[in-house]
Amino acid sequence: MSDFRKDEDGHVYNSADDVGDDLGAMASVEREFHRATVNLILQYFRRGGGFSCVKVRPLGSGKARPGRFVTISGYVTAAKFIDGLTPEQIARVTGVAPCVYANGVEVLVVAEDLKIDQIGPRYTTEWPAGASPLVFDKLHASPHPDYPAVSRDSAIFQCVIFRNNAAKARLVAILSPGQPFRVSGVFPNS
């Protein structure tokens with residue numbers, strides 16, 4: 001279960017993104033549903049190609065170089081949801097402020113089979129931090145300005161790799177502003 005709170009700036013923060021979803025706080029039926037959901041996500045990513053788990057981050061935010069492995073955590077999606085999109089368009093569908101990707105992006109693909117305790121569902125990018133509008137109302141909080149909500153018709157699937165249980169990934173694309181990501185360039189059989 002996600003653990004939402006309001007940070008000192010009045011933004012919703014999901015502390016479960018750091019340490020994992022609190023299954024102990026869930027009723028048994030909720031735990032069962034959560035495990036089934038995570039297993040479906042893992043099966044989806046294992047299909048490979050356009051279904052592969054990818055992390056998009058601002059250009060230069062890490063020490064990734066082509067062919068080298070790095071560790072990643074945080075919000076991820078499937079490659080097919082960013083296929084054909086430029087960094088500017090990726091920002092719009094992933095719920096990232098345009099200024100964050102203004103200089104371009106790195107696209108990394110998860111290079112290991114994720115484990116059930118490594119990842120959690122965060123629904124779609126319409127819900128920043130995986131928080132529904134009800135959470136924002138209850139906490140009298142807002143999304144972080146760098147991670148705005150995406151409109152329902154532009155929202156894409158998202159989940160989180162917990163920060164305390166990072167995954168190995170490899171850099172598969174560096175995109176300059178205006179340059180589209182191509183799944184077929186990374187996964188030729190897709």
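**Helix α2 and an aromatic cluster**

Right after helix α2 comes G48, with a positive phi near 75°. Helices here are DSSP runs of H or I, at least four residues long, strands are runs of E of at least two, and both are numbered from the N terminus. The model is a predicted one, where local features need pLDDT of at least 70 and side-chain atom pairs 80 or more, while totals for chains, interfaces and linings use all residues. Residues are numbered from 1 along each chain as its sequence is written, and side-chain values use heavy atoms, leaving out hydrogens and water.

So what does α2 (residues 28–46) tuck away? Its buried residues (under 20% relative accessible area, 1.4 Å probe, protein chains only) are H34, V38, I41, L42 and F45. Seen down the axis, they fall within an arc of 100° and so line one face of the helix; the arc is taken from the directions from the axis to the C-beta atoms. On the other side, S28, V29, E32, F33 and L40 are exposed, meaning over 50%. The buried residues pack against β3, β5, β7 and β8, with contact meaning heavy atoms within 4.5 Å.

Now for the rings. Phe, Tyr and Trp rings (the six-membered one for Trp) pair if their centres lie within 6.5 Å; planes under 30 degrees apart are stacked, over 60 edge-to-face, the rest tilted. Ring pairs join Y44, F45, F51, F81 and F157 into a cluster. The whole structure holds six aromatic pairs. One of them, F81 with F157, is tilted, at 6.5 Å centre to centre and 45° between the planes.
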